[in-house]
Amino acid sequence: MAMNRSISRLLVGMMLIVGVRAGLSAQGQPATKSLYDRLGGVYSIATVVDDFIERLLVNDTLNANPAISEARRVPKAGLKFHVTTLVCEVTGGPCKYSGRSMKESHDLLNISEAQWQAMVADFRKTLDKFKVPAKEQKELIAIVGGTKKDIVKASARSLE
């Protein structure tokens, strides 16, 4: 009986996914555009990521962290590529992120709460520069916020 319920839930979930991909919401109404589409697709995302990464590279709060400075051995173009691909994927685009997890890629950086907040401030500046609408900004900030637990070190949080 429990197996049948699980299979039923799986089938309903699959039907919802197929319906959404076919352009219908769960209620059979036309689905709203994905965040990816509302942002203008991968070229627009890449443009925003380019500006954002450039801001991060000159951010004094971030540069005060020696672990972040050491991580700069990663080529800037590669970092921009991975961030663009990740944003493309998590906003509903066709890209497939192939980089390391947020936890793994930030584990040795010892990111503090203050550094996190500096990054978020730069992200907001970039979004404002490109006039990303408030609704989409809110969605993007929520997506970024969902990664905080994997990026900010607990010990670094307690120091703030």
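## Exercises on helix packing and buried residues

Helices α3 and α8 are oblique to each other, where angles under 35 degrees count as roughly parallel, over 145 as roughly antiparallel, 65 to 115 as roughly perpendicular and the rest as oblique. The model is predicted, so local features need pLDDT of at least 70 and side-chain atom pairs count only at pLDDT 80 or more, while totals for chains, interfaces and linings use all residues. Residues are numbered from 1 along each chain as its sequence is written, and side-chain values use heavy atoms, with hydrogens and water left out.

**Exercise 1.** Describe the packing of α3 and α8.

*Solution.*
- Step 1: The axes of α3 and α8 (residues 113-129) cross at roughly 140° and come within 9 Å. Axes are lines fitted to C-alpha atoms, for helices over the stretch in contact, and angles run from 0 to 180 degrees between N-to-C directions.
- Step 2: The crossing of α3 and α8 is right-handed (the near helix is turned clockwise from the far one by less than a right angle; anticlockwise would be left-handed).
- Step 3: α3 contributes Val48, Asp51, Phe52, Arg55 and Leu56 to the contact, and α8 contributes Met119, Asp122, Phe123, Lys125, Thr126, Leu127 and Lys129. Contact means heavy atoms within 4.5 Å.
- Step 4: The residues of the contact of α3 with α8 comprise six nonpolar, one polar and five charged. Ala, Val, Leu, Ile, Met, Phe, Trp, Tyr, Cys and Pro count as nonpolar, Asp, Glu, Lys and Arg as charged, and the others, Gly among them, as polar.

**Exercise 2.** Describe the packing of α3 and α6.

*Solution.*
- Step 1: α3 (residues 42-57) packs on α6 at an angle of about 130°, and their axes are 9 Å apart.
- Step 2: With that angle, α3 and α6 are oblique to each other, and α3 passes α6 in a right-handed crossing.
- Step 3: The contact involves residues of α3, among them Val42, Ile45 and Val49, and residues of α6, including Leu79, Val83 and Val87.
- Step 4: In the contact of α3 with α6, ten residues are nonpolar, one is polar and four are charged.

**Exercise 3.** Establish the surroundings of threonine 91.

*Solution.*
- Step 1: Threonine 91 is in the loop between α6 (76-90) and α7 (102-106).
- Step 2: Threonine 91 counts as buried because its relative accessibility is 5% (buried is under 20% relative accessible area, exposed over 50%, partly exposed in between, with a 1.4 Å probe and protein chains only).
- Step 3: A polar atom of the threonine 91 side chain lies 2.7 Å from the backbone oxygen of valine 87. The backbone oxygen of cysteine 88 lies 3.2 Å from a polar atom of that side chain.
- Step 4: Apart from neighbours within four places in sequence, threonine 91 is in contact with Ser34, Leu35, Tyr36, Leu39, Ile45, Leu140 and Ile143.

**Exercise 4.** State whether leucine 62 is buried or exposed, and place the residue.

*Solution.*
- Step 1: Leucine 62 belongs to helix α4 (residues 60-63).
- Step 2: Leucine 62 is buried, because its relative accessibility is 7%.
- Step 3: Leucine 62 lies 9.4 Å from serine 112, C-alpha to C-alpha, although 50 residues separate them in sequence.

**Exercise 5.** Summarise the chain as a whole.

*Solution.*
- Step 1: The protein chain has eleven helices and zero strands. Helices (H or I, at least four residues) and strands (E, at least two) are DSSP runs, numbered from the N terminus.
- Step 2: Of the 160 residues in the protein chain, 31% are buried.
- Step 3: Among contacts between residues at least 6 apart in sequence, 70% join residues at least 24 apart.

Conventions: Polar contact = N/O pair within 3.5 Å; in protein donor to acceptor, adjacent residues only side chain to side chain.
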